[in-house]
Amino acid sequence: MTDSMTEDLHSETGPDGDPANAVLAPSIRVVVTPVEGADVAAALASIKRQAYDHLTDVVVVGDGDVDDLEGVSVAATVEEAISDTESSVDYVWIIHADARPRPDALGALVSEVERHEAGLGASKLLKAGTSDALESIGSATDVFGEPYSGLDSGEVDLQQYDVVREVAYVDPVSMLVRRDLARGLGGLDTSVPPGAAGLDFSQRARLAGSAVIIVPSSEVYHQAKCVRPGQGWKERAGRLRAMLVAYRPMTLAWVLPVAFLVGLLDSILNLLLLRWRPLASYLATWVWNIFRLPSTFSRRRRANSIRSVGDEELFRFQTAGSVRLRDVGGEIAGRLLSMFDDDQALSQSARRVFRSPGIVGAVLAVLIVLLATRGFLFSGVPNGNFSFPFEPPSISLRRFLGGWNEAGLGSPVPVHPITGFSGLVAFLWFGAEGAARTLLTVGFGFSAVVGMGRLLGRLGLRGPGRYLSGIVALAGPGTALLTGAGWWSSLAAAAVLPWALRSVFIHPAEQGRSRLGYIGWAFALGWIAAAISPLILLAPVLGALIWSAQGGRRSKVELAIASGLGGLVAISFLSGDTGWLTDATRRTGFDPGIVWAGLLLVTALPLFLDGSRHRRIAGIGGIFALGGLFLTQLGLGGPGVEEALLVIASVGAAILVGVALDKFERRVVTIIAAIGALAILLGSIGVIMDGRLGLPAGDVNEDLAFAASLTEDGQARRVLFISGERERVPGESRPGPGIWYRVLDGEGSTTDEIWLPPQRPGDRLLADAIVDISSGGLLRPGTALAEFGIGWVVSSGPETPIDEALNSQLDIVPLPLDSELRVYENPAASPLAVSDEGVVWTRSGLGFEGEPAEGSVLIASNFTTSWEPDGVNDDWSIEVGAGTGRAFFDGHPVNVALGYISMILLVLAAGLIGWGRAKR
Amino acid sequence: MKWITPFVVLLLGVAVILIPPPDRPEPGIVPGSVEPPVAICPTIQDASRSTNVPIVSNIAGMGQLTAFGGGESVASGPYETGSSGSTTLAISDFAAVGRIAALLEFPGPDSSAASITTGASSLSAEVCSRIPDRQVVLGAGSTIGGARFEVQLMNPYASEAVTEIIAFSESGREAADAFSSIIVPPRSSVIVDVANVLPGREFLTVVVETERGNVVASAHATVGTDEAVWRAVSPEPSWYLPLPVFTGARELVIATTSGADVAYQVDVYGPEGLEEAAIEGSVGNGSEVVDLTGLTAGALGVRVVAEAPVAVFARYSSEGGLGIGAASATAAPRWLLPGAGGITGRLAVMNVGLEAAEMTVIELRETSRSRVFTIQPNQVVEVEFDDVASDGVSIISDGELVPFWMGQQAAAVAVSGGLPIADE
């Protein structure tokens, strides 16, 4: 070690050698912090070589043997070294003993700090012993203090980052601090490792109103002897402590719980990677901080005494989301991809992809959907309520194309168009209707997530909320009620509506592309939406109008019209069963509750107050969500209106959530909106975490399987299902005396039978018979029900007047076939189709067939003139000729034509989509 | 437009919070309970006894009798009430199969039937029950001195029934496994031999509680050569019972549904008019027997008022004769008394109203006979039946009356009440 440091360090000339300029050059005191195993003498030598003349003195912290060196003193702590600094000194250069600065490092540091009027500047760190591998160039952090430098491992310094800039945090290896600031800050936190100490120091410096900058032209080689193996948990603990010291209470109120959850999730994901240390580290972090709370509060008080700006100043330099989750997500994806990706090309891409908040949101949403649909994969889609299995595609498509409606006691009124949609899906899935339904239902979850992401992306959002909002579409304020009551179609509607909405918007970047392709998409998606829930088709049109009314230019009227034309698929159903739209007595009577409305207001209003650039999107979301709930509360319209309003409300809520969680801006209004959105999101996640997307469990066809298995002539009789509680009756039910009831197919109910067509004479006679039975006045109710082909009466839930009456009658036999349902057999029930000679005809497609014979066949279904051959009215039922051995329904030509036209248009739309893609 | 959208959103949100949700659709109104026009009768058909089922109705029409037992319909056949609205069916015409039960389907709601069983030296009569109740009481039983006492549980319906029997004797509540969870299969009747389970009891009251399904209960007692059949009734706080003249003992049996003491008061309608609280006492251990023999040799009536619901039965006994019948809990201007007048005997009618009543007594048969009587308030009138056998008696009056009849055949005796017809 040299013994002439004082002379060199106390030069009185300026950097240019001109004594006249000496007053302009800041004077620097050097504080060398000890590092175990580091050569202090070598560090002092490198300091001596600095091409900067205004060093006042050097202080070595600790008990280093430097007494014999001139101009070098010793201090017990960094804080002591700082407090002893004379007022004539301008800056304190705090440098680790394992750091080796280039000769121009200090000069560059001083020059840039002065030029940028920063309070704290730090050097670029290069790894000692490497070919200029970068170690630190300062970095951003996330809100939890996790650093995010953007450096790849082993990245070499090619001066690619050589720009002076403000950063969230600098390494304390080589820091130049203004003396007054240093005195106020009181040195580094010695209880935590250097990284965390640097974060703490940087944050406190910024809160004191100083700029914190990185000076890449100041290069320091770092031997990294200060980095101790196994101290990772303490780094994390230090970061948490830095948060506790720096953030204001309001920030801590939300940051701490989120940090807790993020840490937990990170630990769990690491366990999937067979790493237990992060979990241990996570636990140790919190425990350590709990024990250190008194000293943390003490440091916090000191930091507050010099605070001059709010937390917003810290937020400015923080990255969105969680760096940890992003890293571990990227790693998991990388590992999965590496199974097919030997050269790691995809894995590297995946890591980069995971730096996008939108993708992180998408991955989270997809994971949630995977968990939320697990039950379907293991035990299939529940059957019951408003969720029935598909029919074989050949039958359901024929039924959709003007075929006989078999719901209840039968009707010529066309079936709900979801029958055609389900038939189409089953047909495309090679006729395997069961598998098609399961896959379709699982697909709804993903479709909602991706659809919302794509919709909001088209409207300009890029953050994590746009995909996560898909969860709200699936299980938000409206759909949660519907799926809870077993409305399978509401899941489908929530999955399709975002896409249908998207189809009427065009992103500016996509303007001018194939117009016909867009029209094809709009029509096809409108067709599917209308097939699932006809009235949700209003949403794309309304969305386009609201967007335009707010001055937006992305919505296209012609696309809205094309989407609306998709409604053609539902015309015959809606015209045949107007009550589905207008009859309020057929509604379920859902009550959305005021909690959802409150949360939606909390989420929506700040988005407008914020002057957000996404206020138009929030406008659509707010009007959809609260308008949907408002109109639901009015109780107008039939079940179709009710379903559509609730689904639209959920998609509206999803839009609001997407906007509120799009970008984390540290303003009170956006924080409030984000809190509201998080509450809606968490509420929605809770709804679907049963593994069935919120659908009630059960299989009514399995429960009623006895109707088919106990038949003696091969033809299952109908089931009269009754309950005092409407939600227990599968599908739509009708009000009876103190009960809800409906007739179910004894061979198992299918999607086409969910909705009951308008009452016809047979239905009215049955209603009268049920009233008579419930009064207790019928001694032989079985005889009264026999003509309707009702072979079974099944009662669910609390006892009803019918149950009471069935205890005092002579011809309906109770059977202990189910532990929960009360099952009564009616041995007198007529077959659904029987000839004059008593020969039972069996079902064949949509009709019946049997041995050709003289005379006629009586079909226990509501009469209409279109039954062949030679259908005539027998009281309320149908009598056809038995001569051909076949009985069938000849659909109304208009309904048949409408069905075919809508199918052909769908095919044409698919052609347009294909053509548009090819052109692109 | 900048502030219109948020304003609309705010308005909608406030409206959602303030507007109450729509009413949930409710199911339809439950219609008033309609009692099917049926009755369930205990029947016997064996070598020594045969049951006849007299049917009386206020309309002429078709009905059906279905004898059931062992889980099936043993026999079934239609019948027709003649121009008098009455007929008598012999169970032997339907089924010769011992002790079973029969379901009578009437041509109209104002109809009633009785079970009249005659043997060489026995006679019993009782109105058939119409509505099964959850809890019914059978009092006036006894198993002392070798007397037989059986309870018949009849279930004509398609559903199984489960009942519980609670018995009280002078010893208090009797415990017996045989009385618990008695399953009465569909279309069956179960006979519980109480004497076998509880022999040597002087006073027995049986409470039948139906836990599931529906059951009609009746009792069957044998003392010496005579038999009595009487139906179970639901407990009520007050009862009426006119008592025709009888040379043997006339007793009142007051039965309760628990062993707890229940105070009662008997008002007597005697030759001197109404004497309120002529007898007072307390029912303990399930039943209390009140001997009325000493009050008067003529016809009399009683009203029993108790502080808790009780059941009241008339017990007529003599050397070789036993008749037991349930009292009536209601008074009415019109009555049907199936079986009355089919056997030699007499009818007692008491006027419990405040006005004098004009009463027409019609003995129903192919050529019915009508007689008109005037009954003063609180008076009991006795009417001798015609020598010509009738299917039953119809009473039409303008006052609140209660009838009860007695038939005798040699030493055997039978008593029964009737069916009150509600005002239209």
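**Internal cavities and the interface of chains A and B**

In this predicted model, helix H7 (232-246), helix H8 (249-272) and helix H9 (277-291) of chain A each supply at least two residues of the lining of the largest cavity. That cavity holds about 210 Å³ of space, and its lining consists of 14 residues. Phe144(A), Glu146(A), Arg236(A), Ala259(A) and Arg324(A) are the lining residues that lie nearest its centre. By class, the lining comprises six nonpolar, three polar and five charged residues. Counting every cavity of 30 Å³ or more gives a total of 12.

The contact between the two chains may be considered next. Here 43 residues of chain B are in contact with 54 residues of chain A. Together the chains bury about 3700 Å², of which 68% is on carbon and sulfur atoms. On the chain B side, the most area is lost to chain A by Val9(B), Val16(B) and Pro25(B), which together account for 16% of what that side buries.

Polar interactions also span this interface: 13 residue pairs are in polar contact, with both residues at pLDDT 80 or more. Two salt bridges are counted between chain B and chain A. In a salt bridge between Glu727(A) and Arg24(B), the side chains meet at 3.8 Å, N to O.

Helix H1 (4-18), strand E3 (62-69) and strand E6 (98-105) of chain B each provide at least two residues of the side that touches chain A. The largest share, 11 residues, comes from H1(B). In composition, this side of chain B has 27 nonpolar, 10 polar and six charged residues.

Key
Residues numbered from 1 in each chain as written. Chains lettered and ligands numbered in written order. Predicted model: local features only at pLDDT ≥ 70, side-chain atom pairs only at ≥ 80, totals over all residues. Heavy atoms only, no water. Contact = heavy atoms within 4.5 Å. Buried area = accessible area lost by both parts, 1.4 Å probe. Salt bridge = Lys/Arg side-chain N within 4 Å of Asp/Glu carboxyl O. Polar contact = N/O pair within 3.5 Å; in protein donor to acceptor, adjacent residues only side chain to side chain. Helix = DSSP H or I, 4+ residues; strand = E, 2+ residues; numbered from the N terminus. Nonpolar A, V, L, I, M, F, W, Y, C, P; charged D, E, K, R; others polar. 1 Å grid on protein atoms, 1.4 Å probe; cavity = no way out; pocket = protein on both sides within 12 Å on 5 of 7 lines; lining within 4 Å. Points joined across faces, edges and corners; volume = space filled by probe spheres on them.
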